[in-house]
Amino acid sequence: MARIISVSNQKGGVGKTTTSINLATALVACGSKVLVIDFDPQGNASTGLGVVKTSDYNSYALVTERCTIKEAVHQTAIPNLDVIPSTMHLSGAEVELVSVFSREFRLKNALAECETEYDYIFIDCPPSLGLLTINALTASDDIIVPLQCEFFAMEGLSQLFQTIELVKAKLNPSLNLMGVLLTMYDNRNKLSSLVAEDVKAYLKDKVFDTLIPRNVRVSESPSFGKPVLLYDQKCTGSQAYMKLASEFLSKFKAGATV
Ligand SMILES: Nc1ncnc2c1ncn2[C@@H]1O[C@H](COP(=O)(O)OP(=O)(O)O)[C@@H](O)[C@H]1O
Ligand SMILES: [Mg+2]
């Protein structure tokens, strides 16, 4: 059975897509079979994984029941790493589904048919707390929340946590906050370390030990349609995502998140 993980934060530009792509790739490098669902109408995860977004088979078609899960899944250039791409049409799903019965369960129901095929399924969420994110959280076992090491990093977190509590109360009682991930950490910048200290003081063991450094190779790789591990295996960004993969796996082994 696949473990389903939403990568979510309603702020844009905090590293959700980068983390979805690169943690997924690092887990594949560790021997797992992984699916990434691009659930943001901007489609950045699809581009970053080198998948063309012109096909009719995508996350929008899936949640509006215009295609099956088998049709929606595309292979990437990396063996054992699949993706369900997205297009701008996905933004229309928020409106289209409003009057639909069980609209919050569309993604969960669709994924039930492929859960035995993967070890992990990552959902790259959009920068909002609307129906798409609610669908993602309803379908998920765990959530990873990337936080950029900048001033105002924690602003909006309480709103996200409220949404998580609401989903737990009404739709998905076993949803678990796996951890907050500090991204774009710059060790030459005092603000980065101050933000990291603040976040750890506030959220304690809910913060991943692994810090993702700001690294230009990480930001260059999507323009080549490649995860950073394929673009430059040795850079600090690749090493950080490999470290994150082993921390992620050890959390499951320890049973800490179950
Ligand atoms: N560790 C990093 N080092 C350098 N640039 C990064 C890093 N993580 C993300 N970025 C860049 O920051 C921008 C926002 O990241 P992204 O993953 O797209 O955020 P989100 O999906 O939350 O909007 C992108 O241009 C991305 O390439
Ligand atoms: Mg994104």
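**Exercise 1: the sheet**

Work out the order of the seven strands in the open sheet of this predicted model, and find which strands sit at its edges.

*Solution.* Start by walking across the sheet: the order is β3-β4-β2-β5-β1-β6-β7, and the pairing is mixed. Next, look for strands that pair on one side only; these are β3 (74-75) and β7 (176-183), the edge strands. Now zoom in on the β3 end. β3 and β4 pair in the antiparallel sense, over two bridges. For a concrete pair to click on, take Gln-75, whose bridge partner in β4 is Asp-82.

**Exercise 2: the partners of β2**

Find the strands joined to β2 by bridges that run parallel to it, and name the partners of Ile-37.

*Solution.* Take one neighbour at a time. Strand β4 (residues 81-84) runs parallel to β2, with four bridges joining the two. On that side, Ile-37 has Ile-84 as its bridge partner. Then turn to strand β5 (residues 120-124): here five bridges make the join, again parallel. The β5 partner of Ile-37 is Ile-123. As background, strands of a sheet pair through backbone hydrogen bonds, either parallel or antiparallel.

**Exercise 3: burial of β2 and the core**

Is strand β2 buried or exposed, and which residues of the largest nonpolar core touch the most other members?

*Solution.* Count first: five of the five residues of β2 (34-38) are buried, so the strand is largely enclosed by the rest of the structure. Then check each face. Val-34, Val-36 and Asp-38 are buried on one side, and Leu-35 and Ile-37 are buried on the other, so to speak a strand with both faces covered. Now for the core, which has 70 residues: Val-34, Val-36, Phe-122 and Ile-123 touch the most other members. Finally, follow Phe-122 outwards. Setting aside neighbours within four places in sequence, its contacts include Val-34, Val-36 and Ile-37, along with Ile-5, Val-7, Ser-20, Leu-23 and Ala-24. In general, nonpolar side chains tend to be buried together in soluble globular proteins.

**Exercise 4: around ligand 1**

Describe the shell around ligand 1: how many residues surround the ligand, which element gives the most, and what is the make-up by class?

*Solution.* Begin with the count: 18 residues surround ligand 1, and the closest are Lys-16, Thr-17, Thr-18, Val-218 and Ser-219. Map these onto elements next. Those giving two or more residues to the shell are α1 (16-29) and α10 (216-220). α1 gives the most, with three residues. Last, sort the shell by class: six residues are nonpolar, 10 polar and two charged.

Conventions: Residues are numbered from 1 along each chain as its sequence is written. Chains are lettered from A and ligands numbered from 1 in the order in which they are written. This is a predicted model: local features need pLDDT of at least 70, side-chain atom pairs count only at pLDDT 80 or more; totals for chains, interfaces and linings use all residues. A residue is near a molecule or strand if its C-beta atom, placed from the backbone, lies within 6 Å of it. Ala, Val, Leu, Ile, Met, Phe, Trp, Tyr, Cys and Pro count as nonpolar, Asp, Glu, Lys and Arg as charged, and the others, Gly among them, as polar. A residue is buried if 20 or more other C-beta atoms lie within 10 Å of its own, exposed if 12 or fewer, and partly exposed in between; C-beta atoms are placed from the backbone. Two strands pair if DSSP finds at least two bridges between them. A nonpolar core is a set of buried Ala, Val, Leu, Ile, Met, Phe, Trp, Tyr and Cys residues joined through C-beta atoms within 7 Å. Two residues are in contact if their C-beta atoms, placed from the backbone, lie within 7 Å.
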